[in-house]
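I opened this notebook to keep track of what I looked up, one entry at a time. The charged side chains come before the sheet.

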Amino acid sequence: MRKKIEKSDAEWRAQLTPEQYRVTRQQGTEPPFSGDYQVSEEHGIYHCVCCNAPLFENEHKFEAHCGWPSFDRPLGQAAVEERFDESHGMRRTEVVCAHCDAHLGHVFPDGPPETTGLRYCINSVAIAFHPGE
């Protein structure tokens with residue numbers, strides 16, 4: 001297993017925009033329909049904005065009409081970790097980057113039934129698209 005990327009709070013603040021820091025390091029959520037959630041046919045990979053680890057393939061992105069990028073699966077089992085989350089009076093499954101523990105979003109069991117049935121609802125400020133990968 002690969003060693004986790006660890007940085008001080010000051011290092012994360014210096015590297016990230018205030019919104020990226022709030023979402024990824026403080027478990028925040030961007031407002032719905034505020035980021036890049038559009039589905040396109042372009043081939044590419046979404047990477048973590050904190051550590052640049054590859055997380056999701058564009059081919060697995062779908063329109064969930066929820067206001068956030070939605071994927072039916074991560075790039076692989078080692079890309080993300082799932083954690084139980086009871087914040088905000090809800091019971092959910094949080095999705096974090098497996099390499100640096102950045103908060104990415106949550107996973108729900110209401111995705112496309114013809115694929116995985118899962119919806120990885122991801123904050124767009126937590127990921128960066130690398131076209132052509």
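Is aspartate 101 buried, partly exposed or exposed? I looked this up in what is a predicted model, and aspartate 101, at 27% relative accessibility, counts as partly exposed, because the value lies between the limits of 20% and 50%.

**Entry: the partner of aspartate 101.** I found that the side chain of aspartate 101 meets that of arginine 83 in a salt bridge, at 2.6 Å from N to O. I then placed the two residues along the chain: aspartate 101 sits in the loop between strand 6 (92-97) and strand 7 (103-108), while arginine 83 belongs to strand 5, so that the pair links distant parts of the chain, 18 residues apart. For arginine 83 I noted a relative accessibility of 31%, which counts as partly exposed. Following shared partners, I found that salt bridges join Lys4, Glu81, Arg83 and Asp101 into one network.

**Entry: lysine 4 and glutamate 81.** Within that network I looked up the salt bridge between lysine 4 and glutamate 81, whose closest N and O atoms are 2.9 Å apart. Because lysine 4 lies in the segment before helix 1 (9-15) and glutamate 81 in strand 5 (residues 80-85), this pair ties together parts that are 77 residues apart in sequence. Glutamate 81 has a relative accessibility of 23%, and I recorded it as partly exposed.

**Entry: a pair inside helix 1.** I also looked up arginine 13, which forms a salt bridge with aspartate 9, with 3.1 Å between the closest N and O atoms. The two residues are 4 apart in helix 1, and arginine 13 and aspartate 9 are therefore separated by about one helical turn. I noted both accessibilities: arginine 13 is partly exposed at 47%, and aspartate 9 counts as partly exposed at 41%. For the whole structure, my search gave 9 salt bridges.

**Entry: the sheet.** What is the order of the strands in the open sheet? I read the order as 3-4-8-7-6-5, in a sheet of 6 strands with antiparallel pairing. At its edges I found strand 3 (61-62) and strand 5, each of which pairs on one side only. Strand 5 is also where I had placed arginine 83 and glutamate 81. I then followed strand 7, which pairs with strand 8 (residues 119-122) in the antiparallel sense over 4 bridges, and I noted that valine 107 stands opposite tyrosine 120 in strand 8.

Notes. Residues numbered from 1 in each chain as written. Predicted model: local features only at pLDDT ≥ 70, side-chain atom pairs only at ≥ 80, totals over all residues. Heavy atoms only, no water. Salt bridge = Lys/Arg side-chain N within 4 Å of Asp/Glu carboxyl O. Buried < 20%, exposed > 50% of the residue type's maximum accessible area, 1.4 Å probe, protein only. Pairing = 2+ DSSP bridges.
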